[in-house]
Structure formats: structure tokens, C-alpha cells
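Subject: Structure handover and notes

Dear colleague,

Please find the structure below, together with its sequence. I have written out what was found in it, so that you can follow each point with the model open beside you.

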Amino acid sequence: QVQLVESGGGLVQPGGSLRLSCAASGFTFSSYAMSWYRQAPGKERELVAAITSAGGRTNYADSVKGRFTISRDNAKNTVYLQMNSLKPEDTAVYYCNAHRELGFRGYDYWGHGPPVTVSS
């Protein structure tokens, strides 16, 4: 059974930090690229950060570059999102995604999303 279990969300003041974790099970974690998406109220889901299966390359939305860092530990089947200098506009539900292309098929798994609220 595939599971992506996120943790680390919550309420933080502007300028603060949070670290999200996503623990994976039920599939070969090291074969999947991992990403964090977010969805704010009334807005579409957007890609925040992504990391390749071996962790060699990362990609970030312009809005979080220099503030957020994605990393992974394939030995622990876990991906992280370190969020620093948080702003009210970072308030959203954050979703962990696992993605793999195999032949002509794409495989996607999603977590349920921890809410992050940035407010004073």
C-alpha cells in the first residue's frame, strides 16, 4: 500500500521557519522524483520545489528561491522542505508528490497535505 505521510505543518509568524517532512512507503522511493506542491485558498495548486530521484538536481518556484530548500534521504524514504523567511503569502496546504515515468506510463502518488499558516 502506497503511503506518503507528511508532518511539520502549523502556525508560524512571518519571518519564521518550518520544516516539512514526507515519509514514503509502499513503493521504491529512490526511483521517484519528489516534489512539494501547495494550494492556497481560492488558488490553483502550484509546484513549490522538486528534486530528482538521486537528489542531484533541484528546482524551485521563483517565489520561494533562496528561502526554501528541498532535500531527500533515500535511506529513510523521506523528503524534506525547509522553509525559511516565511511570508503570509506562503500560507497554503502543502502536498508531497512522488512521480516516475516508466515507458509510456506516468506514476503519481500524493500525500494529504499539512496546512501551513503564516500569520502574526
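R67 and D90 form a salt bridge in which the closest N and O atoms are 2.7 Å apart. Before you go further, please keep in mind that this is a predicted model. R67 is found in the loop between β6 (58–60) and β7 (68–73), while D90 is found in the loop between β8 and β9, so this pair ties together parts of the chain that are 23 residues apart in sequence. R67 is buried, with a relative accessible area of 10%, and D90 is buried as well, its relative accessible area being 1%; the word applies because buried means under 20% relative accessible area.

D90 also meets the side chain of R38 in a salt bridge, with 2.9 Å from N to O. Here D90, in the loop between β8 (78–83) and β9 (92–102), is joined to R38 in strand β4, so the pair ties together parts that are 52 residues apart in sequence. R38 counts as buried, at 5% relative accessibility. If you follow the shared partners from one residue to the next, you will see that salt bridges join R38, E46, R67 and D90 into one network.

In the whole structure, the search finds four salt bridges. One of them joins K65 to D62, with the closest N and O atoms 3.2 Å apart. As for the surroundings of these two residues, K65 counts as partly exposed at 49% relative accessibility, and D62 counts as exposed at 64%.

Two further charged residues deserve a careful look, beginning with E6. Which side chain of opposite charge is nearest to E6, and how far away is it? That side chain is R45, at 8.1 Å, and E6, although buried, has no salt bridge; the distance matters for this reading because a salt bridge needs a side-chain nitrogen of Lys or Arg within 4 Å of a carboxyl oxygen of Asp or Glu. E6 is placed in strand β1 (residues 3–7), and its side chain reaches the backbone nitrogen of C96 at 2.7 Å as well as the backbone nitrogen of G113 at 2.9 Å. Once neighbours within four places in sequence are left aside, the residues in contact with E6 include S21, C22, W36, Y94 and P114.

The second is R72, which has its place in strand β7. R72 is likewise buried yet without a salt bridge, and the nearest side chain of opposite charge, that of D73, is 8.3 Å away. A polar atom of the R72 side chain lies 2.9 Å from the backbone oxygen of F29, and the side chain of R72 also reaches the backbone oxygen of T52 at 2.9 Å. R72 lies over the face of F29 too, at 4.4 Å from the ring centre. Leaving aside neighbours within four places in sequence, R72 is in contact with a set of residues that includes F29, Y32, M34, I51, T52 and Y80.

Another arginine is placed over a ring as well: R45 lies over the face of W110, at 4.7 Å from the ring centre.

Turning to the aromatic rings, the count comes to four aromatic pairs. F27 and Y109 form one that is tilted, with 5.1 Å from centre to centre and 45° between the planes. This pair links distant parts of the chain, since F27 is in the loop between β3 (18–25) and β4 (33–39) and Y109 is in strand β10 (residues 105–110), 82 residues apart. F27 counts as buried at 12% relative accessibility, whereas Y109, at 22%, counts as partly exposed. Ring pairs link F27, Y32 and Y109 into a cluster, and Y32 is also one of the residues in contact with R72.

Lastly, what can be said of A54? A54 has its place in the loop between β5 (46–51) and β6, and it counts as exposed, at 70% relative accessibility. The C-alpha atoms of A54 and G113 are separated by 23 Å, with their positions 59 residues apart along the chain; G113 is the residue whose backbone nitrogen is reached by the side chain of E6.

With best wishes

Conventions
Residues numbered from 1 in each chain as written. Predicted model: local features only at pLDDT ≥ 70, side-chain atom pairs only at ≥ 80, totals over all residues. Heavy atoms only, no water. Phe/Tyr/Trp six-rings, centres within 6.5 Å; stacked < 30°, edge-to-face > 60°. Helix = DSSP H or I, 4+ residues; strand = E, 2+ residues; numbered from the N terminus. Buried < 20%, exposed > 50% of the residue type's maximum accessible area, 1.4 Å probe, protein only. Lys NZ or Arg CZ within 6 Å of the ring centre and 35° of its normal. Lys, Arg positive; Asp, Glu negative; His and termini not counted. Polar contact = N/O pair within 3.5 Å; in protein donor to acceptor, adjacent residues only side chain to side chain. Contact = heavy atoms within 4.5 Å.
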